[in-house]
Amino acid sequence: MDKKLSSFERGDELPEEFAQFFKGKAYLNMLTTKGVSIGNVTFEPGCRNNWHIHHKGGQILLVTGGKGYYQAYGSEPLLLQEGDVVEIPAETKHWHGATSESWFCHLAIEIPAQGSSNEWLEEVNDLQYKQVEEKTHE
């Protein structure tokens, strides 16, 4: 993959403090941290993050390239592609990542809120991931 899958530069591999919550390699290019935190996140094929919860603030994903998945706990998974927008309410357990055959890029917008935090949970294991692929196969 070239360094620029979307309009935004790919950035560097995630630092270990975040990489430990991803299966596969992902890259981060922080676009801004003032006021609203916006990062361009790029996932290699098959990479996904663990289940996690954004407490108090929530998150918005703006898909800028490739194909990926989003799933809220207890809901059907969504296949995402360029132009899709996902609004993730605060306190929603969820995960997101690339399909097994495509790189995936999105802007991750953290919704500011007093006392907001991110709680990382269990990984999305290979069986769960395979089931998502089967459910969302085009």
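**Group meeting: a walk through the model**

Hi everyone, let's start with Lys56, which has its place in the loop between E6 and E7. Before going on, please keep in mind that this is a predicted model. Lys56 is not a glycine, yet its phi is positive, at about 75 degrees. Is Lys56 buried or exposed? With a relative accessibility of 53%, Lys56 counts as exposed.

Who sits beside that loop? Ala113 touches Lys56 and also Gly57, if we leave out residues up to four places away in sequence. Ala113 belongs to the loop between E11 and E12, and at 29% relative accessibility it counts as partly exposed. Ala113 and Gly58 are 55 residues apart along the chain, and their C-alpha atoms are separated by 8.5 Å.

Glu91 has a positive phi too, near 70 degrees, and is likewise a residue other than glycine. You'll find Glu91 in the loop between E9 and strand E10, residues 94-98. Its relative accessibility is 45%, so Glu91 counts as partly exposed.

Now for the cysteines, since somebody always asks. How many disulfides does a search of the whole structure find? The search finds zero. Cys47 is in no disulfide, and the nearest cysteine sulfur, belonging to Cys105, is 11 Å away. Why is there no bond for Cys105? Because its closest cysteine sulfur, in Cys47, is 11 Å off, which is too far for a bond; the cut-off for a disulfide is 2.5 Å between the sulfur atoms. Cys47 is buried, at 0% relative accessibility, and Cys105 is buried as well, with a relative accessible area of 2%.

Cys105 brings us to Gly65, which lies in strand E7, residues 59-72. These two are 40 residues apart in sequence, but 5.0 Å apart in space from C-alpha to C-alpha. Gly65 counts as buried, at 3% relative accessibility. Setting aside neighbours within four places in sequence, its contacts include Leu5, Ser6, Trp103 and Cys105.

On to the inside of the protein. In soluble globular proteins, nonpolar side chains tend to be buried together. Here, the largest nonpolar core has 17 residues, and Phe22, Phe43 and Tyr70 have the most contacts inside it. Strands E4 (37-43), E7, E9 (85-88) and E11 (104-110) each supply at least two residues of this core. Which strand gives the most? That would be E7, with four residues.

Phe43 is worth a click on your screens. Not counting neighbours within four places in sequence, Phe43 is in contact with a list of residues, among them Phe22, Ala26, Arg48, His96, Trp103, Phe104 and His106. There is also a second, separate core of six residues, including Trp51, Val124, Tyr129 and Val132.

Last stop, the largest pocket, which has a volume of about 480 Å³. It is lined by 26 residues, and the closest to its centre are Phe18, His54, Gln59, Glu110 and Asn118. Strand E3 (26-32), E4, strand E6 (52-55), E11 and strand E12 (117-120) each supply at least two residues of the lining. E4 gives the most to this lining, with four residues. What is the lining made of? Its residues divide into 11 nonpolar, 14 polar and one charged.

To wrap up, E4 supplies at least two residues of the largest core and gives the most to the lining of the largest pocket. Thanks for listening!

How values were computed:
Residues are numbered from 1 along each chain as its sequence is written. This is a predicted model: local features need pLDDT of at least 70, side-chain atom pairs count only at pLDDT 80 or more; totals for chains, interfaces and linings use all residues. Side-chain values use heavy atoms; hydrogens and water are left out. Buried means under 20% relative accessible area, exposed over 50%, partly exposed in between (1.4 Å probe, protein chains only). Contact means heavy atoms within 4.5 Å. A nonpolar core is a set of buried Ala, Val, Leu, Ile, Met, Phe, Trp, Tyr and Cys residues joined through side-chain atoms within 4.5 Å. On a 1 Å grid over the protein atoms alone, a cavity is a set of points where a 1.4 Å probe fits but cannot get out, and a pocket is an open set with protein on both sides within 12 Å along at least five of seven lines; lining residues have an atom within 4 Å of a point. Grid points are joined across faces, edges and corners, and a volume is the space filled by probe spheres set on the points. Ala, Val, Leu, Ile, Met, Phe, Trp, Tyr, Cys and Pro count as nonpolar, Asp, Glu, Lys and Arg as charged, and the others, Gly among them, as polar.
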